Amino acid sequence: MKDAFGIPQSLLVLGGTSEIALATARRLIARRTRTVWLAGRPSPALEQSAAELRDLGADVHTVAFDALDPESHETVLGKVFAEGDVDMVLLAFGILGDQARDEREPLNAVRVAQTNYTGAVSASLVSARALQTQGHGSLVVLSSVAGERARRANFIYGSSKAGLDAFTQGLGDAMHGTGVHVMVVRPGFVRSKMTAGLAEAPLATTPEAVATAIELGLRRRSETVWVPGTLRVVMSALRHVPRGLFRRLPL
């Protein structure tokens, strides 16, 4: 069970090699978390991530999970919840894609959409139902400011995150009053392996900063978290820029 400050004893990470997820796990282990499940495609990277968290004192398990195989989600995640209560599920998987290539090769664009949206919808619904059955827990979903308004430079990725963000907000409303806390996290540009080689956007952040914001959001039982917080004001303004002008902005 979570303590009075919202820190979970047990954590299930969907996307077990995500740098943001691992930074969050490290931070929570330093506070109170003792049991961690890292779910992802079997790989040396997943095992290495588990080993690093074990060195911090947590009981860590790896789970074979594929976002692109939604038919398996109920069985795979059901086995985790059958082991005992899960205080927090962190949905952290996703792919950025390559905008120029994906426009030329639509099947690649479909893979971005299926991973970031379809797979996330499936995993979120399965997790939320399991949390509701046990009567408590938090579902934290990594969205992105890219979903706030589609930009020419990354509208395929942005549209997938827009769909996920809207879905998660609706799921949070559906879970209200059930004991399940749903939180959407909207980071800006995060310096990570996924963004290596890309031009850095203004107000860039780090996996550690996102992890700090997630912990604070858990303590406050926030429904939406922006990282950095300044982006909330920036995106509020950008949402209202006329489309013709927005199209010409260097975004």
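Is Arg-31 buried, partly exposed or exposed, and what is its relative accessibility? In this predicted model, Arg-31 has a relative accessibility of 38% and is therefore classed as partly exposed.

The structure contains 11 salt bridges. One of the acidic residues involved, Glu-215, pairs with Arg-27, with the closest N and O atoms separated by 2.4 Å. This contact joins distant parts of the chain, since Glu-215 belongs to helix 7 (residues 207–220) and Arg-27 to helix 1 (residues 19–31), 188 residues apart. Glu-215 is buried, its relative accessibility being 4%, whereas Arg-27 is partly exposed at 26%.

Glu-215 also forms a salt bridge with Arg-31, at an N to O distance of 3.3 Å. This second pair likewise connects helix 7, which holds Glu-215, to helix 1, which holds Arg-31, across 184 residues. Together with Arg-219, the residues Arg-27, Arg-31 and Glu-215 make up a network of salt bridges.

A further salt bridge is found between Glu-148 and Arg-239, whose closest N and O atoms lie 2.2 Å apart. Glu-148 is located in the loop between strand 5 (137–142) and helix 6 (155–175), and Arg-239 in helix 8 (residues 231–239), so this pair ties together parts of the chain that are 91 residues apart in sequence. The relative accessible area of Glu-148 is 19%, and this residue counts as buried because the value falls under 20%. Its partner Arg-239 is partly exposed, with a relative accessibility of 38%.

How values were computed. Residues numbered from 1 in each chain as written. Predicted model: local features only at pLDDT ≥ 70, side-chain atom pairs only at ≥ 80, totals over all residues. Heavy atoms only, no water. Salt bridge = Lys/Arg side-chain N within 4 Å of Asp/Glu carboxyl O. Helix = DSSP H or I, 4+ residues; strand = E, 2+ residues; numbered from the N terminus. Buried < 20%, exposed > 50% of the residue type's maximum accessible area, 1.4 Å probe, protein only.
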